[in-house]
Every structure is written in C-alpha cells, then in structure tokens.
Amino acid sequence: VATSAFASRKLLWFDELFTIYIAAQQTVERFVQAMSTGGDLLPPGIHTITRLSTMLFGANHVAYRVPSIVGFWVMLAAIYAYVRERGTALGACVAVLVPLASGAYWYSYEARPY
C-alpha cells in the first residue's frame, strides 16, 4: 500500500515515458514498429505487461508501475523462501530487509524493469 502511494505521487520521468508510449500502441504492427526504432532497448515483455496493467487498472501512474511493484515484492518473497530453506525465519526476515533498506526500494515503483 505504501509503495502504491509513493508511485501515485511520483511524476513519470523520461525513461518511463518510453515504456508507456510503446505499451500504448493500438495494433501489433505499430507495437513492432515502435520497438524496431531502437529508442527503447528493453525486451518487449515489460511493454506487454504494462499494457495489460493499464487495461486492468486504467491509464494512471500506479497502473504503469504495477508490474515493477509486483516484481519487487515477488523478489522479496523469493529471497525469504531461499533463505528460510537454508536458515531460520529470523534470518529470512533480515535478508528481506536488505533490499527494503537499500536504494533498490526507490526503484521498485518505476515503470522500468531495473
């Protein structure tokens, strides 16, 4: 919830606009044409997922950033499961706190798959 609140308040920046522009193409031909210009070097998966997100949640700051938010939280769950399998629950909780306390969290709600 807090991450979504941050995402709704933060203005879109230059790199995010590339993702949004390509995801908003109306036809497959236009999508392929936009991808082939070389303006955005990301693989097409993030654009497709962003398009699905905007179809579900509408065209707004949070909808553009939902794929990155979900990806970050899935990463935290994977870290917890990996460390919990090899150690204790306390150790897994501490391991999850590392990305949350680092600068990685501030990239968790950007419309780019960093």
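**Entry 1: Glu 16 and helix H2**

I looked up Glu 16 first and found a relative accessibility of 0%, so this residue counts as buried. I note at the outset that the model is predicted. I placed Glu 16 in helix H2, which covers residues 14–23.

I then listed the contacts of Glu 16, leaving aside residues up to four places away in sequence. Glu 16 touches Leu 11, Arg 65, Tyr 109, Glu 110, Ala 111 and Arg 112.

Next I asked which residues of H2 are buried. I recorded Glu 16, Thr 19, Ile 20, Ile 22 and Ala 23. I also checked what the buried residues of H2 pack against, and found helix H3 (28–36), helix H4 (44–57) and helix H5 (61–86).

**Entry 2: The chain as a whole**

I counted 6 helices and 0 strands in the chain. Read from the N terminus, the elements run α-α-α-α-α-α. I noted that the C-alpha atoms fill a box of roughly 50 × 30 × 25 Å along the principal axes.

Of the 114 residues in the chain, I found 32% to be buried. For contacts with a separation of 6 or more, I noted that 61% come from residues 24 or more positions apart. The chain exposes about 7,100 Å², and carbon and sulfur atoms supply 71% of that area.

**Entry 3: Aromatic pairs**

I turned to the rings and obtained a count of 9 aromatic pairs. I examined Phe 72 with Tyr 105: the ring centres are 6.0 Å apart and the planes stand at 65°, so I entered the pair as edge-to-face. This pair links distant parts of the chain, with Phe 72 in helix H5 and Tyr 105 in the segment after helix H6 (89–101), 33 residues apart. I found both Phe 72 and Tyr 105 buried.

I then took Tyr 105 with Trp 106. Their ring centres lie 5.2 Å apart with the planes at 75°, so this pair is edge-to-face.

Are Tyr 105 and Trp 106 buried or partly exposed? Tyr 105 has a relative accessible area of 10% and is therefore buried, the cut-off for that class being under 20%. Trp 106 stands at 45% relative accessibility and so counts as partly exposed.

I recorded one aromatic cluster formed by Phe 6, Phe 72, Trp 73, Tyr 105, Trp 106 and Tyr 109.

**Entry 4: Surroundings of Tyr 105**

I returned to Tyr 105, which is placed in the segment after H6. Leaving out residues up to four places away in sequence, I found that Tyr 105 touches Ala 2, Thr 3, Phe 6, Phe 72, Pro 99 and Leu 100. I also looked up the separation of Tyr 105 from Gln 26, which is 79 residues away along the chain. Their C-alpha atoms are separated by 32 Å.

**Entry 5: A surface patch and a charge over a ring**

Which residues make the nonpolar surface patch of about 330 Å²? I found Phe 6, Trp 106 and Tyr 107. I located Tyr 107 in the segment after H6. Its relative accessible area is 47%, so I entered Tyr 107 as partly exposed. Two members of the patch, Phe 6 and Trp 106, also belong to the aromatic cluster of Entry 3.

Last, I checked Arg 86 against Tyr 82. Arg 86 lies over the face of Tyr 82, at 3.8 Å from the ring centre.

Note on methods
Residues numbered from 1 in each chain as written. Predicted model: local features only at pLDDT ≥ 70, side-chain atom pairs only at ≥ 80, totals over all residues. Heavy atoms only, no water. Helix = DSSP H or I, 4+ residues; strand = E, 2+ residues; numbered from the N terminus. Buried < 20%, exposed > 50% of the residue type's maximum accessible area, 1.4 Å probe, protein only. Contact = heavy atoms within 4.5 Å. Phe/Tyr/Trp six-rings, centres within 6.5 Å; stacked < 30°, edge-to-face > 60°. Lys NZ or Arg CZ within 6 Å of the ring centre and 35° of its normal. Patch = residues over 30% accessible without salt bridge, like charges linked within 9 Å, V, L, I, M, F, W, Y side chains within 5 Å. Areas by Shrake-Rupley, 256 points an atom, 1.4 Å probe, with all protein chains shown as cover. Salt bridge = Lys/Arg side-chain N within 4 Å of Asp/Glu carboxyl O.
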